[in-house]
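Work through the exercises below with the coordinates open. Each task is followed by a stepwise solution.

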Amino acid sequence: MVSSSRTVRAQSILQKEMVQVFLAELLSTYVMMVFGLGSVAHMVLGGNLGSYLGVNLGFGFGVTMGVHVAGKISGAHMNAAVTFTSCALGRMSWKKFPVYILGQFLGSFLAAVTIYCLFYTAIISFSGGHLTVTGPTATANIFATYLPDHMTLWRGFLDEVIVTGMLQLCLSAITDEENNPALKGTQALVIGILVVIIGSSLGMNSGYAINPSRDLPPRFFTFIAGWGAQVFRAKNWWWVPVVAPPLGAFLGGIIYLVFVSSTIPRKPQILGNPKEYEDHKIPKLPKTMPP
């Protein structure tokens with residue numbers, strides 16, 4: 001009886017919308033990040049076993065799998081910048097914002113833990129047991145983005161704004177039923193391809209974090225896992241992937257609304273059956289009224 005009541009209680013909790021949304025964002029973000037961070041680990045640690053293209057494919061199709069996991073439940077945002085824009089543009093209630101963010105951050109953090117456990121021996125072997133943030137044996141970049149030497153902080157900020165704006169602009173087009181959306185059943189694949197394209201064409205300058213949920217939780221994990229405070233001090237970059245993507249996504253969403261969505265011709269709505277009003281004729285009543 002006790003176990004039965006606990007099962008009923010657990011089922012009632014899982015049926016609550018906020019709980020479902022939280023779990024959906026947690027699982028979808030976890031899936032995306034495990035594939036994405038795993039592909040970065042291959043590039044950093046695996047020599048010929050990994051490549052930058054592999055990273056683009058890992059994150060891109062990781063996003064595709066995440067959308068399949070939770071698309072019907074929460075929309076599978078997996079991105080705090082996308083969630084922020086949805087709320088700011090009135091497409092979603094701000095009450096859901098902390099639930100989405102908490103689910104995304106926890107899923108991303110757990111993915112970092114998973115990759116650390118899976119690749120622990122490779123990380124130690126590659127780094128000689130010294131967990132460093134910069135230098136030829138740096139491994140912190142498996143988990144979070146770091147600014148390359150050819151970039152300045154504010155150029156990196158602008159880069160993240162523009163690249164995330166491109167992401168949101170294209171996401172708006174892909175999902176806009178009034179425009180030319182992706183075919184039914186293909187949205188997850190098309191969104192994944194979009195992420196691959198962004199990484200392949202625009203990812204070099206700042207690592208295309210384009211997502212606070214992708215960057216901050218794994219960075220915090222490296223802070224407590226042995227890499228130390230340097231993960232936050234290196235070029236003072238850590239705050240840019242948190243602040244710039246929401247700004248860029250909001251601008252991308254506004255640009256789409258103003259320059260595309262508002263210009264789409266709308267079909268006039270016709271109420272009722274127009275044939276009934278042809279020649280202003282009133283339909284005749286039946287001779288015998290029903291009882």
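**Exercise 1. Find the residues with the most contacts inside the largest nonpolar core, then list the helices that supply it.**

Step 1. The largest nonpolar core has 46 residues. Such a core is a set of buried Ala, Val, Leu, Ile, Met, Phe, Trp, Tyr and Cys residues joined through side-chain atoms within 4.5 Å. Buried means under 20% relative accessible area, exposed over 50%, and partly exposed in between (1.4 Å probe, protein chains only).

Step 2. Phe-59, Ile-115, Ile-123, Ile-142, Phe-143, Tyr-208 and Trp-227 have the most contacts inside this core.

Step 3. At least two core residues come from each of helix H2 (17-45), H3, helix H5 (97-118), helix H7 (153-175), H8 and helix H9 (212-227). H2 gives the most, with nine residues. Helices (H or I, at least four residues) and strands (E, at least two) are DSSP runs, numbered from the N terminus.

Step 4. Now take Ile-123. Setting aside neighbours within four places in sequence, Ile-123 is in contact (heavy atoms within 4.5 Å) with Leu-45, Tyr-116, Leu-131, Thr-139, Ile-142, Phe-143 and Trp-227.

Step 5. A second, separate core has nine residues, including Leu-147, Leu-153, Phe-157 and Val-161.

A note on the model: it is predicted, with local features needing pLDDT of at least 70 and side-chain atom pairs counting only at pLDDT 80 or more, while totals for chains, interfaces and linings use all residues. Residues are numbered from 1 along each chain as its sequence is written, and side-chain values use heavy atoms, with hydrogens and water left out.

**Exercise 2. Describe the protein chain as a whole.**

Step 1. Count the secondary structure: 11 helices and zero strands.

Step 2. Check burial. Of 291 residues, 43% count as buried.

Step 3. Check contact range. Among contacts between residues at least 6 apart in sequence, 74% join residues at least 24 apart.

Step 4. Take the surface. The accessible area is about 16,300 Å², and 66% of it belongs to carbon and sulfur atoms. The method is Shrake-Rupley with a 1.4 Å probe; for residues, only the protein chains shown count as cover.

**Exercise 3. Which residues surround Ser-28?**

Step 1. Ser-28 sits in helix H2. Its relative accessible area is 0%, so Ser-28 is buried.

Step 2. The Ser-28 side chain reaches the backbone oxygen of Ala-24 at 2.8 Å.

Step 3. Beyond residues up to four places away in sequence, Ser-28 touches Gly-66, Val-69, Ala-70, Ala-76 and Met-78.

Step 4. Follow Ala-76 to the loop between H3 and helix H4 (80-88). Ala-76 is buried because its relative accessibility is 6%. Its phi is near 50°, a positive value in a residue other than glycine.

**Exercise 4. Locate Lys-235 and give its phi.**

Step 1. Lys-235 lies in the loop between helix H10 (230-233) and helix H11 (240-259).

Step 2. Phi is positive, about 55°, although Lys-235 is not a glycine.

Step 3. With a relative accessible area of 39%, Lys-235 is partly exposed.

**Exercise 5. What does Leu-202 touch?**

Step 1. Leu-202 is in helix H8. Its relative accessibility is 33%, so Leu-202 counts as partly exposed.

Step 2. Not counting residues up to four places away in sequence, Leu-202 touches Asp-159, Val-163 and Ile-197.

Step 3. Compare Glu-160: Leu-202 and Glu-160 are 42 residues apart in sequence and 9.6 Å apart in space, C-alpha to C-alpha.

Conventions: A polar contact is a pair of N or O atoms within 3.5 Å; within protein, one must be able to donate a hydrogen and the other to accept it, and residues adjacent in sequence count only if both atoms are side-chain atoms.
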